[in-house]
Amino acid sequence: MSFHSRLKDGFSLTFLMLITSSVTACNSGQELKSQVSIDGAAVGFPVSLAVAEEYGKVKPEAKVSVASSGTGGGFSKFCNGDIDIAGASRTIRDEEIKKCKSKNIDFVELPIALDGIAVIANRQNNFAKCLTIKELGRIWGAKSDGKILTWNQVNPKFPKQKLKLYAPASDTGTFDYMTQAVTGKAKNGRTDYTPSHNQNLLVQGVSGDVSSLGYVGISYYIQNQEKLNLVAVESPTGKCEKPVPVDNVIKNIYTPLSRPLFIYVSKKSLDTKPAVKEFVDFYLENSWKWVDSVGYVALPDEAYVKVKQKFATGETGTKFKKAKPGEPITNFI
């Protein structure tokens with residue numbers, strides 16, 4: 001069975017975990033130091049899972065756990081000192097930084113891949129071929145809650161047909177990024193939509209509902225493209241662009257809905273657990289080999305060089321909080 005098949009079949013679980021070696025409840029201090037724990041975003045999770053699988057082949061004695069409880073859930077555990085690495089599909093928030101500081105947890109912020117947020121419609125939809133950022137803001141903005149309920153309210157040229165919306169839950173990084181990108185303000189999204197932490201369920205909803213619209217990470221579209229229509233988004237230059245082919249993401253053509261994916265590594269774990277540093281070194285050196293195969297986009301070559309240099313110096317804190325949706329990531333490493 002292929003990696004994609006196993007990922008799709010197993011993702012119905014809210015928490016999907018790979019344990020590369022069994023971990024018992026009664027671990028010695030030395031065994032605890034040999035463990036590496038990752039939790040966080042569903043988007044980007046397949047990259048960490050693939051890296052952990054391959055790392056286990058190279059180092060069978062390794063004990064690496066990979067779970068997905070969402071970006072917010074991952075940061076909550078990370079800033080509480082419960083895990084070594086948080087996977088994130090957005091940058092860390094001020095309140096999360098404050099919580100980490102209260103626990104004396106510094107972090108190293110490392111981009112590991114790129115993603116394009118795919119706007120998806122039902123296969124029978126033959127009119128929503130390209131949406132402007134203004135139209136997307138009208139659909140997803142908080143002011144539209146309970147008001148923008150039909151397609152013709154988005155664009156008078158569209159039919160007077162009920163608009164049914166599917167999107168990641170409001171505590172996910174994907175929701176945060178999309179909302180900021182299309183409304184210009186974080187946490188400014190409507191609430192009257194069908195949410196899920198499982199993006200495969202969003203795909204099922206859109207594919208089964210003729211009047212629907214949704215958005216998911218690019219890998220979820222690629223895995224299900226025969227069931228969906230991929231809606232183009234009008235770029236700042238006025239051209240209708242899609243995240244496929246993925247060169248549009250790499251070259252920052254699909255903007256502002258292209259974004260970096262991150263891992264945040266605990267400095268405390270790096271200082272006290274050699275296994276964490278060894279795993280992250282392997283991650284940064286090798287992850288590009290599997291990024292494409294699990295549906296994401298590898299960083300530009302120069303970005304990998306900068307990321308490895310940043311990790312080698314142990315630079316802590318965030319630079320990406322200043323980044324606006326669509327800006328090249330090499331400006332902030």
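This report describes the overall dimensions, two helices and several backbone features of a predicted model.

**Overall form**

The secondary structure of the chain consists of 15 helices and 12 strands. For a compact globule of 333 residues one would expect a radius of gyration near 20 Å, and the chain, with its 20 Å, agrees with that expectation. Taken along the principal axes, the box filled by the C-alpha atoms is roughly 65 × 40 × 35 Å. Of the 333 residues, 55% are buried, and the accessible surface of the chain amounts to about 14,600 Å², with carbon and sulfur atoms contributing 52% of that area.

When contacts between residues at least 6 apart in sequence are considered, 75% of them join residues at least 24 apart. The chain carries 43 positive and 33 negative charges, and the mean positions of these two sets are 6 Å apart.

**Two helices**

Helix α8 covers residues 173-183, and because nine of its 11 residues are buried, the helix is largely enclosed by the rest of the structure. Its buried residues are G173, T174, F175, D176, Y177, M178, T179, A181 and V182, a set that includes the acidic residue D176. After α8 comes G184, which has a positive phi near 80 degrees.

Helix α13, at residues 274-286, has 13 residues and should therefore span 18 Å at 1.5 Å a residue, a figure with which the 18 Å between its end C-alpha atoms agrees. The buried residues of α13 are A275, V276, F279, V280, F282, Y283, L284 and N286, with the aromatic residues F279, F282 and Y283 among them.

**Backbone features in the loops**

Which residues are joined by a cis peptide bond with omega of about 10 degrees? They are V244 and P245, and P245 lies in the loop that runs between β11 (240-241) and α11 (247-250). A cis peptide bond with omega of about 15 degrees joins T255 and P256, where P256 is placed in the loop between α11 and β12 (258-266).

The loop between α11 and β12 also holds N252, a residue other than glycine whose phi is nevertheless positive, near 60 degrees. N252 counts as partly exposed, because its relative accessibility is 25%. A positive phi near 60 degrees is found in N104 too, and this residue belongs to the loop between α5 (94-102) and β5 (107-122). With a relative accessibility of 67%, N104 counts as exposed.

The backbone values discussed so far are collected here.

| Site | Backbone value |
|---|---|
| V244 and P245, cis peptide bond | omega about 10 degrees |
| T255 and P256, cis peptide bond | omega about 15 degrees |
| N104 | phi near 60 degrees |
| N252 | phi near 60 degrees |
| G184 | phi near 80 degrees |

**T313 and its distance to V108**

Helix α15 spans residues 301-313 and includes T313, which is exposed because its relative accessible area is 61%, against a cut-off of over 50%. How many residues apart along the chain are T313 and V108? They are 205 residues apart along the chain, while their C-alpha atoms are separated by 9.8 Å.

Terms used. Residues numbered from 1 in each chain as written. Predicted model: local features only at pLDDT ≥ 70, side-chain atom pairs only at ≥ 80, totals over all residues. Heavy atoms only, no water. Helix = DSSP H or I, 4+ residues; strand = E, 2+ residues; numbered from the N terminus. Rg over C-alpha atoms; globule rule 2.2 N^0.38 Å. Buried < 20%, exposed > 50% of the residue type's maximum accessible area, 1.4 Å probe, protein only. Contact = heavy atoms within 4.5 Å. Areas by Shrake-Rupley, 256 points an atom, 1.4 Å probe, with all protein chains shown as cover. Lys, Arg positive; Asp, Glu negative; His and termini not counted. Charge placed at Lys NZ, Arg CZ, Asp CG, Glu CD. Expected span 1.5 Å × (residues − 1).
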